[in-house]
Structures are given as structure tokens and as C-alpha cells.
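Trainee: I want to test some labels against their cut-offs. Shall we go through them?

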Amino acid sequence: MKDIKQNIESLRAALRIHNHNYYVLDAPTITDYEFDEQLKTLQALEAKYPEFYDANSPTQRVGGAITKNFETIVHTYRMYSLDNSYSKEDLLDWEKRIKKLVDGNVAYTCELKYDGASISLTYENGKLVRAVTRGDGVQGDDVTANIKTIKSVPLQLTGNYPDKFDIRGEIILPFEGFNAMNAERLANGEEPYRNPRNTASGSLKLQDSAEVAKRPLECLLYNVTGTDLGIETQYESLEKARSWGFKVPEVATLAISIDEVLEFVTYWDVKRHNLPYETDGVVVKVNSLQQQEELGYTSKAPRWAMAYKFKAEQVATVLKTITYQVGRTGAITPVANLEPVELAGTTVKRASIHNADQIAKLDIREDDTVFVEKGGEIIPKIVGVDLSVRPLDSTPTRYATKCPECNTPLVRTEGDAKHYCPNANGCAPQIIGRIQHYISRKAMDIEGLGGETVALLVREGLISNYADLYTLTKERVMPLERMAEKSADNLVKGIKASVNIPFERVLYAIGIRYVGETVAKKLAKHYKSIDAIINATQEELEQVNEIGVKIAESVVQFFALEENKTTVKRLEDFGVQLSMTEEELEGQTELLKGNSIVVTGVFELVSRTALKKLIEDNGGKVSSSISSKTSFIVAGDKMGPSKKEKAEKLGITLLSEKAFLDKIGYQI
Ligand code: AMP
Ligand code: ZN
């Protein structure tokens, strides 16, 4: 037994080092394959010997924990904002103010302002114990489960670290990873994400940490906070943080005068375009922590730091035409086609305009000279019109009234920012988009068939809905452009194999508006078959846990269309899973119906994931935070004191692991 423990420990230690080499230092010493093999070995050992569970093991990075409600946490040290400056004069003025308040020379640390979502990490005895978003600066959300999946966040520190401290940084999504995510979305017929920053910050609040684990996020650190840390300068704190295993960008530079600060700013204003991630400025900090303390804080920002914002690059060019694009859901997006122009290192030909309101607000017209800016967005946007050169015969833009693809009159419901083409079953991009969604990875995951081929199949008249996919034969697809015998074979095989995809994913795949993965899972579990869902009334649907009016309405509307019902019926005839199988139904009860249950601590008999699954299988709801709505708590070993206190205060029952398993009649 001792040997096994040692084996597990040394695998963990080795994987930590490889992780650090790869994700923090960008200098791996083993192949990805070797890494995966070692990780698998560790996973297998941990599964076999759950008594050696460690929440900070490298295996925990794959995620899996679901957070329904993010617990609010008060920051031990407030997270301040930064004052902004926009010119070198502003920086010189700032220096003057500082010099009046402190004695002696002032040196500065210059860093880049990383553009993502701020995060505060708490470490105790070298272990990550908590990760909290900035929130309003005073309190934020506990997003620990999600942050743990980010490989550049060390779960276990190395070297000579303090017992307890907070470290702040920015969760970012480098361009490369962001572009790869978007390429996959486009291939799946999904809307691309707008910009890395919003995608990074949105990721922190995803409920499924396994989803976060798939995103190539990084954490760049810039501030160490705590008491008695034995650190004297900002620059030293960065170096130390690096030595404990954190990713601290090497661009951070010590400047011994404001002139050197200005040099740093000038240099990066140009070089920023070569960075692998986004930055919108520089952050200058007084280096001496002693001087920082003397300077203190205003009500919103430290006096010892200043952000310098780079100017977003802007150019003027002529807008030739406004055209309209139709998405999978029928949503219309206007696009500005521009006279090609150079901007921040790329040639820009198109700019996005969000909707009709945006056109009206800026009074954008064809033949106008417009100002185009590249902010965080990958596609640049129009920020204004040069009215002084507007042609005399110019007339206001009349927004499209008909679908550019199928000529159907567009509709816009109140409260919707966008116009829609209502011709869902007769409008090519919508038909193609729905089939692309159907075959996508999270839906039917059909191998051997890509988004482009779907478009081709539709345009060639071979299919017009997803049920038609099952009528395809090798002979029928072979004549298609660029289709070889082998690929035709794979395509047909891939489609055939999809009849084994479980019901809950089929329900997601058929593309009912507002029925995402999670909702599909809920509906599948509750109704167990498509027929039961088709027969459910709006009122009944609304009674299902977490199904709101909007979703219920959309489900009813979907099946009110005879065409949709027929297509789904055809899927069934082709053997697609439209109900839960015996196997899936096994172990499903309603024993915990209406219960909201919190799981906390360390367990011995079954894993935490298994416990959560048991709760859901028995009709209960897993919640991550204790509130007056909590029915009871399944408390393992080492339940946190603050949780314990909260439970006592609210008078909520604690059940041991054993007592809970008995309650649902689960035999080990
Ligand atoms: P603002 O949101 O404009 O008030 O700017 C403050 C935010 O800048 C902080 O909350 C940080 O998340 C972020 N930031 C990015 N890079 C740095 C850095 N190097 N030092 C300090 N803050 C930074
Ligand atoms: Zn249309």
C-alpha cells in the first residue's frame, strides 16, 4: 500500500513538472504522447485507490465538477481598478504627483495590461485553495473548479513560497487558441466568438468545468498580496512568483526613471501587434512596496499605479455596400463591404455592423466614408461616419425587408435586436446551418462529414433536412465534387454510426431554439422519450426543474410544426435513439425530487462525481452553495469551517456519505 501511495505521489510530481515546462515555460521535455500516457496511468491508479484522492492532483485538470450557483466570496484584500492615462504628458503629471508624496528616488515596474478577466487566487501551504473573480472589487464569485482546469495555474507550488498569500492575474485567451476555437465553431456551423477577452471572461462562469478545460485559456500573474511576505519591490514579487511556478510574462521590466517608462511605452505601442495575446496598454507601478504603502489608494484605484492606454488604431475608408447574412437560426446580420484598407497589420475588407439599430444610431449609409477601428474584435467595427465628405445625393439606409437568400419578408419581434427570416424550412443557410449543427461534435458527432460537405449536399439537392442524411448511399454521394470512394464510404459509415448516440444528445442535435446541451439533458431525463415531450403541454414543460417559459414555448412551437414532427419521426424509423435505453433508465428514481443538495468535503465510499450523478439520477438537484433553499448537505471529511457555520446558522441537516447512500438505497 505504501508503495502505491509513493508511486502515485511521484507520478503527480513528475506530471506537475511537465505541466510547468509545457504551459508556463513553453519548453516541454517530453512528447504529448508520453505525457498523456503518464496521466492515464495516474488516473487509473487514482480510480483504483480513491483513498489517495487529492483535489490538487494533475488529473483534476480535466474538469468535470459542475457549478450551478457560484458562491459569493468577499476578497481578503480589495481588488482595485486602475487609473487611466492616454498620453505621455499624463504620465509625467502622475510622476509629479507621486514625487510630492514620497521621498527619494522612484523606480517603476512596467508591465503590459493583459486584456482578459481578472482573477484572485488564494494559496495556502503551497496549494491553490480558491479562485475568485474580481466582481465589484469587494466581492466576487468562487470559480475554483473552473480555474483548476487552466494548465498554467499551478495547483501545487514549488520553491520557497509563503504559507498564505493571494496572487492576482488575468485569465486570457491567446489569439492562436481563440482562432482554433472559432475555426471549430465555424466548421460546426456555429456563430464565431467575437473577441478573446469576452470569451475568456465568459469561460470563467461556465457551469461545466470540463468545458472550461477544453478551452486554451492561460493565466498571467501580476500582483502578489499578503502580510509578512518578505518582499520589498513589485519587480521582486514578479520574480518570486515566477520561481514558485506562476506564469509571469517576461516583458515586465524595471525602469529606474520615468524616461525609461516612456521608452517602454513607445516600444510596446508598436511591438504589441506581434504579441500572441491581446493587450490594450501598459501598467506602470511604483516599484518599492514601502513607497506604495505611503502613496496608498483613492476610493477606486491605487495612487502607486497607472494604466497607459494605447490608442485603438483607426482608419477612414469608403463603405461600398451593405449586405445581409443569414445565420442558422434565421438571424440577419448586416455586413459593411469596404474599400480595402490597411489596419493594424492586416487588410480589412469587411466590417461588422450589429443590427438595424446600430445603422440608425450612427446613420451609416452606402458611399459614406467611415471610420473603422480594430479593438478587441477580430472583425473590425465601424465607429463613426465622416459627415464632411458625405455625397450630396446620399440617402438614409433602408434596412433589408426581405431575406437575401429566399426573399421571405423579415420579421422582428419586440425586444429582439435582430431581424429574422421566418422561412426556417425553405431558406438555404438555415437548412444548411441546422444540418451542420446536427452533425457537430457535441450533437451527433458524425465523423467523415464536415460543414462544407453538408452545404454541398444541400445545394446539390441530395438532402434538405437531417433525416435525409440517413438516405445517403455511397453511390449517391460519389459524383460530388472532390468526393473519393474512401471518403464517400467514411461519410456513409459515420452517419450510420450516429444511431448509437444517446437520446439526450439527439434532443440537442435536432436544434430546438433555446434547447442547449444542458436543457436537452434535463428534458431527456425528465420525459425519457421524444413522444412524451411532443405530448407535453407548455404548462407541464414549465413545471420541469429549470425549464422557463421561453424554453417551454419554443419546444411547443417546434413540435407544433407538422414538418418537424415528420422529420423526427423519420429519424426514429432510421433507428436514431429517440428515447432512453433500458440501461440509461436503470437506477433512475424520483426519490430526491424537489431537493436541492450540496455536496462538500472529501468522500471515502464513492467519488464526488459519482455522488453528484447519484443525486441527479434520483431526481435531485446538485447545488454548489449553501442557502436557505438547500434541502440537505452530504458532508464528507474535512468540510470547510465557513460552510459548516453557514449550515448551522440556517439549520440545514448534514448527512454523512453513508447516511446519504442508505437514504437512496444504494449498495456499494
Ligand atoms: P480597469 O479594469 O481598466 O480598471 O483596469 C484594471 C484591471 O486591469 C485590473 O483589474 C486587472 O485585471 C487588469 N490588468 C491587466 N494587466 C494588469 C497588470 N499588469 N497589472 C495590473 N492590472 C492589470
Ligand atoms: Zn430566408
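Mentor: Start with Tyr438 in this predicted model. Leaving out residues up to four places away in sequence, Tyr438 touches Ala443, Met444, Ile446, Tyr466, Leu469, Tyr470, Ala509, Ile510, Leu571 and Val576.

Trainee: What makes these touches?

Mentor: Contact means heavy atoms within 4.5 Å. The listed partners of Tyr438 meet that.

Trainee: Which residues have the most contacts inside the largest nonpolar core?

Mentor: Tyr438, Leu469, Ile510 and Leu523, in a core of 57 residues. Membership requires buried residues, and buried means under 20% relative accessible area. Therefore Tyr438, as a core member, falls under 20%. Helices giving two or more residues to this core include H12 (428–439), H16 (503–509) and H21 (562–573).

Trainee: Why is the set with Leu121 called a second core?

Mentor: That set of 34 residues is separate, with Leu121, Leu157, Leu238 and Ala252 among them. A core is joined through side-chain atoms within 4.5 Å, so a separate set is counted as its own core.

Trainee: Now ligand 1. How do you know that Ser81 makes a polar contact with ligand 1?

Mentor: An oxygen atom of ligand 1 is 2.5 Å from an N or O atom in the Ser81 side chain. The cut-off is 3.5 Å, so the pair qualifies. With Arg134, an oxygen atom of ligand 1 also has a side-chain N or O atom at 2.5 Å. For Leu112, a polar backbone atom is 3.0 Å from a nitrogen atom of ligand 1.

Trainee: How much of ligand 1 does the protein bury?

Mentor: 87% of the 500 Å² that ligand 1 exposes alone.

Trainee: Which strand gives the most to the shell around ligand 1?

Mentor: E3, with 4 residues.

Note on methods: Residues are numbered from 1 along each chain as its sequence is written. Chains are lettered from A and ligands numbered from 1 in the order in which they are written. This is a predicted model: local features need pLDDT of at least 70, side-chain atom pairs count only at pLDDT 80 or more; totals for chains, interfaces and linings use all residues. Side-chain values use heavy atoms; hydrogens and water are left out. A polar contact is a pair of N or O atoms within 3.5 Å; within protein, one must be able to donate a hydrogen and the other to accept it, and residues adjacent in sequence count only if both atoms are side-chain atoms. Accessible areas come from the Shrake-Rupley method with a 1.4 Å probe; for residues, only the protein chains shown count as cover. Buried means under 20% relative accessible area, exposed over 50%, partly exposed in between (1.4 Å probe, protein chains only).
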